[in-house]
Amino acid sequence: MSTIKDDPGFELETLAEPYRIKAVEKIRLLSRAEREKVLKDAFYSTVYINSEDVYIDLVTDSGTGAMSDNQWAALMKGDEAYMRARSFFEFEKVVQEVLGFQYVVPTHQGRAAEHILMGLLVKQDELVLSNTHFDTTREHVRHRGAKPIDLVGDVLWDIDKEHPFKGNFDLARLETALERYHERVPFVLITVLNNFAYSSPVSMENIREVKRLAKKWNKPVYFDACRFAENAYFIKTREPGYSDKSIGDIVKEMFEGAEGCWMSAKKDAITNIGGFLALKDEALTRRCQERLALFEGFPTYGGLAGRDLEAIAVGLREVLDESYLRHRTDQVAFLAKLFKDEGIKVSLPAGGSGVFVDVASLYGHIPPDAFPTIAMLCDLYLEGGIRAGAFPFHFNIVDAKTGELGTKVFQFARFAIPRRVYTKSHFEYIAKVMGQVKRNAAPKNKGYKCTYAPPVLAHFFSKFEPLG
Ligand code: F0G
């Protein structure tokens, strides 16, 4: 938990919210017998559990945040004209101001932006080089017949290692990959913060070096900017030389010199839907707008309502507020600390979107082919009505010396924290439930067998049955 030191002489360590609550939404905890039935009916896969049957939902921080009074008020200003609505120009102005790119293309969410852009930039057999691809990003690269390569450092494979910027590129790997494969590389992609690397940030120094290497090989740099403000806050608080800079200035420096970015507004614009592309090049923007008209909508609304564009515009300014960012990141750090106190191994220091738990340390007795991550998700729901996310992910990696391509499986559980939704008491409850999972449920769990898994985005659709 950080200390508020806003005025001289005022210092207080607190997790007090920088907002008060104006509307509430009822949630309820089903009985143990009800939860057992729900889980069985959901094929032991929490993705099939209705939201109504979940007490605390930590499956994602995407689109699950609470909008502010100003965002709700902005909805009323939505101009719903099909073409050239006032709301688009307000949205465009704020994206230009905050992220520094001239051309703005709205999309209904992040993956729609990925679809539009990758359809133009990525070809068969190419290699997209990133610190880490999010799963939809990865699938969009694969959908083009290309390969997503994840160049995150070895710190990812050792959850016990503390590092302030686990999201960084391994620069030696990037250099080797560019040297060896540059003819097949359409662009370099920096994901901030690095969601699947423990939602850990990328340092400014690393961003600078990635841009330098990309420039050396004449490759454009794009950002996956979903959690850009959280990344900037960690640069401010963890990287020497940035403590006196404003979040706005740090954000500008992060994106400086890049060709563009895409963003899911469902994260750091704190809206329930939305996304966009923000680009430097006019000709590329025109091509994106043409594809947009085919898949999403007219270039000034792109699959969204005018009111959504208004809410995004307000959210993008709100997210730069340091008292918001401090509280947001403190909540994640607080839950991580409570888990640690319960003897649960987590990635430290905690990152932005949620707390990452080492499943192997709790379910070491279950072999990988009996799905320890599913075991943990089921136990968590049975013990306390909580839903989290846990998956094994297949990374394509590069050997830093030889440049040989390989694969590695990364298994993790993420307790994602929705923005401005849960309070300290909820986190205390979650930690107590996890303590029970560790002590009582995990040792008895024998694992699961998969009864159904489709080839694409399997974690959204798979079904299971308990073993033993
Ligand atoms: N890129 C990153 C880094 C993401 O985390 C996400 C979504 C997307 C792209 C796609 O955006 O959902 O608006 O289409 N992440 C969510 C999550 C779903 O749970 O981490 P989207």
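**Exercise 1. Find which residues of H6 meet which residues of H7, then describe the packing.**

Solution. Leu 171, Leu 174, Glu 175 and Leu 178 of H6 meet Asn 206, Glu 209, Val 210, Leu 213, Ala 214 and Lys 216 of H7. Contact means heavy atoms within 4.5 Å. By class, this contact has 6 nonpolar, 1 polar and 3 charged residues. Ala, Val, Leu, Ile, Met, Phe, Trp, Tyr, Cys and Pro count as nonpolar, Asp, Glu, Lys and Arg as charged, and the others, Gly among them, as polar.

Next, the geometry. H6 spans residues 171-181 and H7 spans residues 204-216; their axes come within 10 Å and cross at roughly 10°. That makes H6 roughly parallel to H7. Angles under 35 degrees count as roughly parallel, over 145 as roughly antiparallel, 65 to 115 as roughly perpendicular and the rest as oblique. Axes are lines fitted to C-alpha atoms, for helices over the stretch in contact, with angles from 0 to 180 degrees between N-to-C directions. Helices (H or I, at least four residues) are DSSP runs, numbered from the N terminus.

The model is predicted: local features need pLDDT of at least 70, side-chain atom pairs count only at pLDDT 80 or more, and totals for chains, interfaces and linings use all residues. Residues are numbered from 1 along each chain as its sequence is written, and side-chain values use heavy atoms, with hydrogens and water left out.

**Exercise 2. Describe how H12 packs with H15.**

Solution. Start with the axes. H12 (residues 322-341) and H15 (residues 424-441) pack at about 30°, with axes 9 Å apart. The two helices are therefore roughly parallel. Their crossing is right-handed. A crossing is left-handed if the near helix is turned anticlockwise from the far one by less than a right angle, and right-handed if clockwise.

Now the residues. H12 brings Gln 331, Phe 334, Leu 335, Leu 338 and Phe 339; H15 brings Lys 424, Phe 427, Glu 428, Ile 430, Ala 431 and Met 434. The class count is 8 nonpolar, 1 polar and 2 charged.

**Exercise 3. Repeat the analysis for H3 and H11.**

Solution. H3 and H11 (residues 306-318) pack at about 25°, with axes 8 Å apart. So H3 and H11 are roughly parallel. H3 passes H11 in a left-handed crossing. Residues of H3 in the contact include Phe 88, Phe 91 and Val 95, and those of H11 include Leu 309, Ile 312 and Leu 316. By class, the contact has 9 nonpolar, 2 polar and 5 charged residues.

**Exercise 4. Explain why Cys 226 and Cys 378 form no disulfide.**

Solution. Search the whole structure: it has 0 disulfides. A disulfide is a pair of cysteine sulfur atoms within 2.5 Å. For Cys 226, the closest cysteine sulfur is in Cys 261, at 9.6 Å, too far for a bond. For Cys 378, the closest is in Cys 450, at 12 Å, again too far. Cys 226 is buried at 10% relative accessible area. Cys 378 is buried at 1%. Buried means under 20% relative accessible area, exposed over 50%, partly exposed in between (1.4 Å probe, protein chains only).

**Exercise 5. Assign exposure to H5, Ala 81 and Pro 368.**

Solution. H5 (residues 135-143) is mostly covered, with 7 of its 9 residues buried. Among them are Arg 138 and His 140. Gly 145 follows H5 and has a positive phi, near 80°. Ala 81, in the loop between H2 and H3, is partly exposed at 36%. Pro 368 lies in the loop between H13 and H14. Pro 368 is exposed at 63%.
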